[in-house]
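Biologist: Please take one part of this model and look at it closely. Then work outward from there, giving me the numbers as you go.

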Amino acid sequence: GDEKINLVFAEGDVAYQITGLERTTVGQSLAVTVNVKARSLVLGSVHASNLLVDLQSRGDSSRYRFSALLDSLVTLEARGTSRSDSGFIALNLEHLKADFSGYAFGNIDPIRIRVGRDGLHVANLWMRHEVEEVSAAGYFNPAGISDVTVGIRNFLLNNLPRMFHHLASESQGGGFGGIVNAVGTFRGSFDHPNFSVELNATGVRYRETVFGQILTRSSYFERTLNIFTQFRSRPDDLSTPPDLLISGTVPYNFSLKRSSDVKLEGEMNLDVRTNNFRLEFLDPFLAPLSNMSGLLLCNMKLRGTVESPSYEGSIALQNARFLFNPLGIHYIVDGKLVPDGRRIALENLTIRNIQQDRPDGKMDLRGYFILEGIEIKDFDLTANGQLLIMKESSRRPGQIVYGDLFVASGAGGIQWRGRPSASLVSGDLFGRYVNLTLP
């Protein structure tokens, strides 16, 4: 059916003037002047504040000026000239500025753009903020073939919160830092897109954690995604393997028009390897855990289809220490996860209390879980041992039950079987030391 777009125009005025309406010379003599001012304009999902549009046109030439605050995020300013010829409109942007609350990119040279029936042709978009640069060139046609290259040079990651307000809270704690250089190319049509991305991020950090270098070279062609990503905490030492390497191919459908339920053909061939990967690098991404340390050793192969992948290899945790935030207690985990197809077995996996809390706190975990895609389908786990699971010094604000609780399993352990939607816990659990305050 027909789509409706709402238009709301508040506290503004529109002035226009049209002259030169002679029948025989209208193409050369027609002159149009339009001036629009508005405190607020809402067009569909776009909200513009402090809108200013000034257009002066005569014959096939025009001069224009535009400025507005878009979606309370960026103030966009544009000024230039245009000329129409043989069904095309040639734009010459003398001034283009995108201002994110004082963090502004401006064009270096006039930007030449041609608009026609075959889409949008950009000759030389090149914008800069101090040492940071953004560039684009090529042609874009939503209904046909496109060939566009976009580049980013010396982009500072700590400027992201200035561009995206929802990241501002991260900047208060340091947020992400580092320098990014990247080039991306889009070719083909919306039905059959092909693209490539090359990204090199150096000096990457998150708050107090320094990561190092992240290098990515990926491409997409004929519904196959080719992935190569490596992370090096010591980028100057190329004689050692990267801390993390992900490489291989994955069948994927990036079509922007075709239905997403089209059955994918082919299988994954993806390798994930680590070399003494320090768990502190995962700290920013695992909300329930913090203050992580220890090593992750991984040599995994992902095969099969995207809908039902199978796993080979092993994952080992060595002296993995972390603060489990929901309980406010530090734990240490050692052991292996051994995949075999969709079944992941726990091998010699233990979880311990730290010495300061309970030197005798240790629980052995055994069993397995089965994956369906990346979700757990079934599991059969057994815990055997004793562990501190509550301590008074970790009481959280508003917690009405608090104190010290040190528990132990019975001889047969605690069994947890089933699936995430319906599971059963059985076994004996004893309180070895209980000192709780109840409401």
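**From one loop outward**

Modeller: Start at arginine 223, which sits in the loop between β14 (209-221) and β15 (224-232). This is a predicted model, so read every value as computed from it. The backbone is the point of interest here. Arginine 223 is not a glycine, yet its phi is positive, at about 60°.

Asparagine 50 raises the backbone question again. Its phi is near 50°, a positive value in a residue other than glycine. The setting is a strand, as asparagine 50 is found in β3. Its relative accessibility is 53%. The cut-off for exposed is over 50%, so asparagine 50 counts as exposed.

Stay in β3 and turn to charge. Side chains of opposite charge can pair when their charged atoms come close. Strand β3 covers residues 46-58 and holds aspartate 54. The side chain of aspartate 54 meets that of arginine 65 in a salt bridge, 3.7 Å from N to O. Arginine 65 belongs to strand β4 (residues 61-70), so the pair ties together parts that are 11 residues apart in sequence. How well covered are the two partners? Aspartate 54 has a relative accessible area of 16% and is buried, because buried means under 20%. Arginine 65 is partly exposed, at 38%.

Now step back to the start of the chain. Arginine 39 and glutamate 11 form a salt bridge, with 3.1 Å between the closest N and O atoms. Arginine 39 comes from strand β2 (residues 31-43) and glutamate 11 from strand β1, so the bridge ties together parts that are 28 residues apart in sequence. Glutamate 11 is exposed, with a relative accessible area of 63%. Arginine 39 is partly exposed, with 44%.

Strand β1 has a nonpolar side to its story. The strand spans residues 7-19 and includes tyrosine 16. Tyrosine 16 is exposed, with a relative accessible area of 63%. Together with Phe9, Val14 and Ile18, Tyr16 makes a nonpolar surface patch of about 430 Å².

Move along the chain to strand β10 (residues 132-140), where alanine 137 is found. Alanine 137 is partly exposed, with a relative accessible area of 34%. Its C-alpha atom is 9.8 Å from that of threonine 185, with their positions 48 residues apart along the chain.

Next, the open space. The largest pocket holds about 1,200 Å³. Its lining counts 38 residues. Leu337, Leu346, Leu349, Leu365 and Phe369 lie nearest the centre. Which elements give two or more residues to that lining? They are β17 (269-274), β19 (289-304), β20 (309-324), β21 (329-340), β22 (343-353), β23 (362-372), β24 (375-390) and β26 (414-419). Strand β24 gives the largest share, six residues. What is the lining made of, by class? There are 34 nonpolar residues, three polar ones and one charged one.

Strands β24 and β26 are linked by charge. Aspartate 378 forms a salt bridge with arginine 419, the closest N and O atoms being 3.2 Å apart. Aspartate 378 lies in β24 and arginine 419 in β26, so this pair links distant parts of the chain, 41 residues apart. Arginine 419 counts as partly exposed, at 40% relative accessibility. Salt bridges with shared partners also join Asp271, Arg273, Lys301 and Arg303 into one network. In total, the structure holds 17 salt bridges.

Finish at leucine 424, in strand β27 (residues 422-426). Leucine 424 is exposed, with a relative accessible area of 59%. Aspartate 380 is 44 residues away from leucine 424 in sequence. In space, C-alpha to C-alpha, the two are 9.8 Å apart.

So where does the tour leave the loop we began with? Arginine 223, between β14 and β15, has its positive phi of about 60°. Asparagine 50, with phi near 50°, carries its own positive value within strand β3.

Conventions
Residues are numbered from 1 along each chain as its sequence is written. This is a predicted model: local features need pLDDT of at least 70, side-chain atom pairs count only at pLDDT 80 or more; totals for chains, interfaces and linings use all residues. Side-chain values use heavy atoms; hydrogens and water are left out. Patches are made of residues with over 30% relative accessible area and no salt bridge: like charges are joined within 9 Å, nonpolar side chains (Val, Leu, Ile, Met, Phe, Trp, Tyr) within 5 Å. Accessible areas come from the Shrake-Rupley method with a 1.4 Å probe; for residues, only the protein chains shown count as cover. A salt bridge is a side-chain nitrogen of Lys or Arg within 4 Å of a carboxyl oxygen of Asp or Glu. Helices (H or I, at least four residues) and strands (E, at least two) are DSSP runs, numbered from the N terminus. Buried means under 20% relative accessible area, exposed over 50%, partly exposed in between (1.4 Å probe, protein chains only). On a 1 Å grid over the protein atoms alone, a cavity is a set of points where a 1.4 Å probe fits but cannot get out, and a pocket is an open set with protein on both sides within 12 Å along at least five of seven lines; lining residues have an atom within 4 Å of a point. Grid points are joined across faces, edges and corners, and a volume is the space filled by probe spheres set on the points. Ala, Val, Leu, Ile, Met, Phe, Trp, Tyr, Cys and Pro count as nonpolar, Asp, Glu, Lys and Arg as charged, and the others, Gly among them, as polar.
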